[in-house]
Structures are given as C-alpha cells and as structure tokens.
Amino acid sequence: MENKAQSDTNFTTQVKNLSLRIYGHSQLKDSVLDRAREYYQKQPFEQHKLDELKYNIQKVTAQISTDKNKQYIVRLEREQRNYHDELKFARNARHQYLYSICEEIIGLCEGDSFEESNRKSAQVLGTIQLVSPTEGNKIATVNEQHKPLYKSVLCLRLLDRLCIDKNIVEPYINTALGEITSENYMTFAKDHPKAYQVFVETVKIPLIMAILLQDIGNNHPQSVKILYGADYNQDPYRTLPIEERKALLHINYRETVKYLVDGIGASMYIGNSKADRDKYDIVEHKKLLFIKHLLKSSVNPKDGVGNLLKVPQIYSSIILSTKNSYNYKLLPKVFQVLNQNAERGACSQVVVDSLSKIVGHFPQGY
C-alpha cells in the first residue's frame, strides 16, 4: 500500500512538473509559455535589425563601386547571414523543446496497448482535476496552467475514437494511417510498431503542438494590453466587452500562426546527406502545414479536422474554467454546453458525441 501511495505521489509530481514546463513561470524562463513571451518581446528588435542590415546593404550597393565599398558590402552580408543563422538556431531550439514536451505527454498518457493508453490518460486527467483548486483566489491561474496538458490528453484520445469510428475526414491523417483500418486501429501500435511510430511523428506530435500553441497569441503585447488594460490594472480573467473579445480573438489567431511559422518553424535536419535532408525537409514542411491547418480550421471547424482542437477546447474551458462564475458542482453539465455549441454550428455534433463516449458525463477525478 505504501509503494502504491508513493507511486501516486510521484505521478502527481510528474503531472505538476509537466504542466509547469508547458504553461508555467520560473526564474529560468524555460517553459513553452516563457519561450513564446520572450520571442514576442524580442521580435520587434530582431525585425528592426534585419531591416537595418538589408537597408545598409542596398544603400552601399547603390553607391559608386569602390574596393572599400565592396569590402563593406561583404562584411554586411556576412553579418546578415550570421544573424539569420542565429535566429534560425534559436527557432530550432524552441521547436526541439516543444517537440520534447509533446514526446513526454505521449509517454505519460500512452502505453503498450489501447487499454493501457486509456487507463494512463484517465489517470492524467483525474490527477489534473484533483490537484486543481475548486475554491479560493488561485482557481483561474492554476486552471490556465493545467489546461494545455488536459486538452492534449483529450485530443489524443479523441483522435483514437474518431479513427475507430471511421469519422476521420482529414486527408493528411488518412494518408498517415495508410492500410490501417478502423477495425485494427486499436492494435496499431502492437501489430505495426514502425508504422505506428511514423503516425506518432507525423500526426500525434503535430496535433499536440497545435493544442499547446492554440492560445499562445494571447501573450503577445497587443493581447496583454487588452487582457490587463493599458495601465496593467485589470483582471485578465474578467468577461471582456464584445469588441475587445473580437479584437483579442483576431490577435490571438494572427500571432499564434506567426509564432508557429517564424518562432517555431520546421525542424532542422542534422547530417551531411543532401538526399536525406531533402526528404526530411519535405516531411517537416508537411507537418508544419498540418499544424497551421489545424489552427486555422479550429476557428470555424464546421465538420472538419479543426474539431479535434475546438471540442477539447470548449470542454476544458468549462472543466478548468478561469471565469469568476466558476462553479465546481456544474461540471457534469459540460455536455449541455457542448451540445448547444454543436446545435449553433460552432462545432461538430459527431465529435462532441465521440468525446462523450470517452469521458462520460462526469469528468475524470470529479
């Protein structure tokens, strides 16, 4: 019994630490959230330097050609290349960190079998619910920190359910599934381990990346100004006026996509083979486009793949609410809200029903 208790304690610590490294704050500033905030803060200065280098090169090039000018141009072009490389390596470091977090999430909630993955996922979701406060003044901040991990686990299991029920309509995912049918999806990992690993790399990890980045644009300075007010004295979790809400949604989407493309980008190939690099770059570019497609389609998913993000987002926003009106006793009514959203066309009823099959009417750990 003591070993079981110790194991539970270790698991709870693991879940808390992972949540911190996703959406937490620390002196090291090394969480996914911290890295995005740093990027947003530095981006105007980085862009200014790039523009300045480009302008200086053009200015000197337009002048009378002399040996001194040629040497200056060569020096400026070298400085420009070095700065581009510096930004490229910084972007790749952010990508690799995000990738490692996605791997850890999969390791935490997936096992050697379909049943084991469901058990581990339920354990993660239940643990997050149990360590999240239900009263006091820290509900909003803690729930906001826990939400990305919670959504990620829901999204993975929702993907499984949709594949099993033949409800995947996205060509990219169906191509990745290849010969795997809905009938043998549950034994995919066991029967075809290599193919399954490719599926993880090309579908599951990009899917989690999209989930983790879904609201990252809310940390852009323009979003922060809306959330906290011009004097930084407003409650960021308050209900916003309609116009401010619309502006925030627009900025969040625009800056999330910009961060994905310019701040995360595609993974860099490490090696000396041009043929291998070309193949690698094609795969990575397709993954990046898939993530971008997920983010874009989640805004107005209708019956498309964006529901993989949208439905868990709505569910999590209620289970781990950041609103002052949070009421723990009302959590079992979450599917009333989801069904209403489906009726209004804000999300797919098929996907809502699929999520209901997974979690039931009572959230894990309720």
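At what angle do the axes of α12 and helix α14 cross? The legends below start with that pair of helices and go on to other parts of this predicted model.

**View 1. Helices α12 and α14 cross each other at roughly 55°.** Helix α14 spans residues 349-359, and its axis comes within 10 Å of the axis of α12. Angles under 35 degrees count as roughly parallel and 65 to 115 as roughly perpendicular, and the two helices are therefore described as oblique to each other. The crossing in which α12 passes α14 is right-handed. On the α12 side, the residues that make the contact are Asn 307, Val 311 and Tyr 315. On the α14 side they are Val 351, Val 352, Leu 355 and Val 359.

**View 2. Lys 310 is a buried residue of helix α12 without a salt bridge.** The helix covers residues 307-319. Which side chain of opposite charge is nearest to Lys 310? It is that of Asp 215, at 8.6 Å. A salt bridge needs a nitrogen and an oxygen within 4 Å of each other, and Lys 310 has none. Apart from neighbours within four places in sequence, Lys 310 is in contact with Ser 298, Val 299, Pro 301, Ala 346 and Cys 347.

**View 3. Helices α2 and α3 run roughly antiparallel to each other.** Helix α2 is made of residues 32-62, and its axis comes within 10 Å of the axis of α3. The two axes cross at roughly 165°. Angles over 145 degrees count as roughly antiparallel, so this description fits the pair. The crossing of α2 past α3 is left-handed.

**View 4. Glu 104 and Arg 21 form one of the 17 salt bridges in the structure.** Side chains of opposite charge can pair when their charged atoms come close. For Glu 104 and Arg 21 the distance from N to O is 2.6 Å. Glu 104 belongs to helix α3 (residues 67-109) and Arg 21 to helix α1 (residues 2-23), so this pair links distant parts of the chain, 83 residues apart. Are these two residues buried, partly exposed or exposed? Glu 104 has a relative accessibility of 26% and counts as partly exposed. Arg 21, at 27%, also counts as partly exposed.

**View 5. A salt bridge joins the buried residues Asp 160 and Lys 204.** Their closest N and O atoms are 3.6 Å apart. Asp 160 is part of helix α5 (residues 139-164) and Lys 204 is part of helix α8 (residues 193-213). The pair links distant parts of the chain, 44 residues apart. Buried means under 20% relative accessible area. Asp 160 is buried because its relative accessibility is 4%, and Lys 204 is buried because its value is 1%. Both residues belong to a network of salt bridges that also includes Glu 110 and Arg 157.

**View 6. Glu 183 and Lys 166 meet in a salt bridge between two loops.** The distance from N to O is 3.4 Å. Glu 183 lies in the loop between α6 and α7, and Lys 166 in the loop between α5 and α6, so the salt bridge ties together parts that are 17 residues apart in sequence. Glu 183 and Lys 166 are exposed, with a relative accessibility of 59% for Lys 166. Most residues other than glycine have a negative phi. Lys 166, however, has a positive phi, near 60°.

**View 7. Ser 182 is a buried residue in the loop between α6 and α7.** The loop runs between α6 (171-177) and α7 (188-191). The relative accessible area of Ser 182 is 13%, which means that Ser 182 counts as buried. Leaving out neighbours within four places in sequence, Ser 182 is in contact with Cys 163, Ile 164 and Lys 166. The C-alpha atom of Ser 182 is 42 Å from that of Tyr 237, a residue 55 places away along the chain.

**View 8. Lys 302 has a positive phi, near 50°.** Lys 302 is placed in the loop between α11 (274-299) and α12. Lys 302 counts as exposed because its relative accessibility is 54%.

Note on methods:
Residues numbered from 1 in each chain as written. Predicted model: local features only at pLDDT ≥ 70, side-chain atom pairs only at ≥ 80, totals over all residues. Heavy atoms only, no water. Helix = DSSP H or I, 4+ residues; strand = E, 2+ residues; numbered from the N terminus. Buried < 20%, exposed > 50% of the residue type's maximum accessible area, 1.4 Å probe, protein only. Lys, Arg positive; Asp, Glu negative; His and termini not counted. Contact = heavy atoms within 4.5 Å. Axes fitted to C-alpha atoms, helices over the stretch in contact; angles between N-to-C directions. Left-handed = near helix turned anticlockwise from the far one by under 90°.
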